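Me: I would like a close look at a single part of this protein, the nonpolar core, with enough of its surroundings to place it in the fold. Please take it step by step and keep to what can be read from the coordinates.

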Amino acid sequence: MEESAPDRARENDVVVVTPGAPAPTSGRTGGAPDHATDTAPDHATGTAPDHATGTASTEVLEPTDFDTMRVGYGLHDRLDEADLADGWLPLFTAWLDEAGRRGVREPNAMVLGTVEDGRPSTRTVLCKGADEEGVMFFTTTTSRKGAQLAATGFASVTFPWLVAERQVHMEGPCHRMSREDSLAYWRTRPRGSQVAAWASEQSRPVGSVARLEALYEEARERFAGDEEVPMPDRWGGYRLSPERVEFWQGGRDRFHDRVECRLEDGRWVVSRLQP
Ligand SMILES: Cc1cc2nc3c(=O)[nH]c(=O)nc-3n(C[C@H](O)[C@H](O)[C@H](O)COP(=O)(O)O)c2cc1C
C-alpha cells in the first residue's frame, strides 16, 4: 500500500484509533525486510505438560475460560536453603539452565519493573549476562524505562519460568554500564538489530507503519557503505545489582517454596518465606 498524503501529514503524531473501527492495514510492500530475519532459533516445538493430570496438554483453553485455567504444581522436591549457601548466583544459573532444558523459550527473558512518581510500570527485556555483581540488559537509554531508571536508580526483574514451575525475583539499584562494556556487547549484535537501534527513538510515538519502515530504511542506507554500524549514544547496558533475590517454585496444593536472600551489612541472609 502506498503511503497516502494524510499519512505523511501525520508523521510522528499520535494516531487515534476509534474502538470498533477497522484496524489500519500495514503499509509494508514487498517481502519482509532483513530485520525480520534476526537470529531467532526455532524453539517452537514441545508441548507443556499438564502437571494436574500428568499428561501432555493439547487442549486449547478459551481465552476467557478462567475457571478451567488451573494447573497443579509439583515438579520439584522442596527447595533447600543450603543451595543458597554460596549466594544467589549458582542457584540462579542452575535454574536458568534447567528452564531452558524444560522448554522455556528465551529463559533469559525477564520482566523489568521501574517506577515513576510512585507509579510502577513493567516490560520484558533480555538478560544478557549475570555475575556476582548482578544481571545485565541492553536498551535505549532515552526510552521510557531509561528515563525512569535515570530518575530513581532502582529496578526489579522477574524471570517467569512457568513451564518449569519456577520464578526468580530480584530488586536493587540499577545503573548504566560503562560505554566500553556496552560497546563490547553492541559489537556482538546482528547488523539488522544495530540498524534498528539507530532507526528507533524507543517509546516515542510514530505516525504510521509507513513512517516506521521509512525510518528503518533511512538508517540502513545511512550505514550501507560502512563495515561496522557505530553504537548510538542513546543506547547502552544496565546492571541491576540485587539486594534481594527470591527463588520461588510451585508446590502441591499451592503450598509453594519461597526462599529469599537479602543483602544485610554486606552479607547475604537467607530466609524461607511462607507461600
Ligand atoms: C521477549 C522480549 C524481549 C525483549 N527484549 C528487549 C531488550 O532486551 N531490550 C529492550 O529495549 N526491549 C526489549 N523488548 C521490548 C520491551 O519489552 C519494551 O517494549 C521496550 O523496551 C520499550 O519499553 P519502555 O517504553 O517501557 O522503555 C523485549 C520484548 C520482549 C517481548
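Reply: What follows starts from the whole chain, goes into the core, and then moves outward to its surroundings. The model is a predicted one, and the protein in it has six helices and twelve strands. Of its 275 residues, 23% count as buried, and residues 24 or more positions apart account for 64% of the contacts with a separation of 6 or more.

The largest nonpolar core comprises 31 residues, and within it Val157, Val168 and Leu240 have the most contacts. Two or more residues of this core are given by each of helix 2 (88–101), strand 3 (109–116), strand 6, strand 7 (154–161), strand 8 (166–176), strand 9 (235–240), strand 10 (244–249) and strand 11 (257–264). Helix 2 supplies the largest share, which is five residues. If one leaves aside neighbours within four places in sequence, Val157 is in contact with Met110, Val111, Leu112, Val135, Met170 and Leu240. As a general background, nonpolar side chains in soluble globular proteins tend to be buried together.

Apart from this core lies another, of five residues, including Val195, Trp198, Ala219 and Val229. Val195 and Trp198 are also among the buried residues of helix 5 (residues 191–199), which are Gln194, Val195, Trp198 and Ala199. Because these residues cover an arc of only 140° around the axis, they lie on the same side of helix 5. The buried residues of helix 5 pack against helix 4 (179–186) and helix 6 (209–222).

Strand 10, one of the elements that contribute to the largest core, also holds Glu246. With 19 C-beta neighbours inside 10 Å, Glu246 counts as partly exposed, because a residue needs 20 or more to be buried. Not counting residues up to four places away in sequence, Glu246 touches Val168, His169, Arg258 and Glu260, and Val168 is one of the residues with the most contacts inside the largest core. The C-alpha atoms of Glu246 and Ser271 are separated by 9.5 Å, although the two residues are 25 apart along the chain.

Two loops that join strands of the core carry a residue with positive phi. Glu165, in the loop between strand 7 and strand 8, has phi near 55°, and with 21 other C-beta atoms within 10 Å this residue is buried. Arg254, in the loop between strand 10 and strand 11, has phi near 60°, but with 9 C-beta neighbours inside 10 Å Arg254 counts as exposed.

Strand 11, which gives two or more residues to the largest core, pairs with strand 12 in the antiparallel sense over six bridges. One of the bridges joins Glu264 to Arg267 in strand 12, and in the hairpin of the two strands, which has two residues between them, Asp265 takes a positive phi near 50°. Strand 12 (residues 267–272) is itself hardly covered, with a count of zero buried residues among its six.

Strand 6 leads from the core to the ligand: besides giving two or more residues to the core, this strand gives two or more to the shell around the ligand, as do strand 4 (119–126) and helix 3 (144–152). The shell has 15 residues, of which Thr139, Ser143, Arg144, Lys145 and Ser203 come nearest to the ligand. By class, the shell has five nonpolar, six polar and four charged residues.

Technical notes
Residues numbered from 1 in each chain as written. Predicted model: local features only at pLDDT ≥ 70, side-chain atom pairs only at ≥ 80, totals over all residues. Near = placed C-beta within 6 Å. Helix = DSSP H or I, 4+ residues; strand = E, 2+ residues; numbered from the N terminus. Nonpolar A, V, L, I, M, F, W, Y, C, P; charged D, E, K, R; others polar. Core = buried A, V, L, I, M, F, W, Y, C linked by C-beta atoms within 7 Å. Buried ≥ 20, exposed ≤ 12 C-beta atoms within 10 Å, placed from the backbone. Contact = placed C-beta atoms within 7 Å. Arc of directions from axis to C-beta. Pairing = 2+ DSSP bridges.
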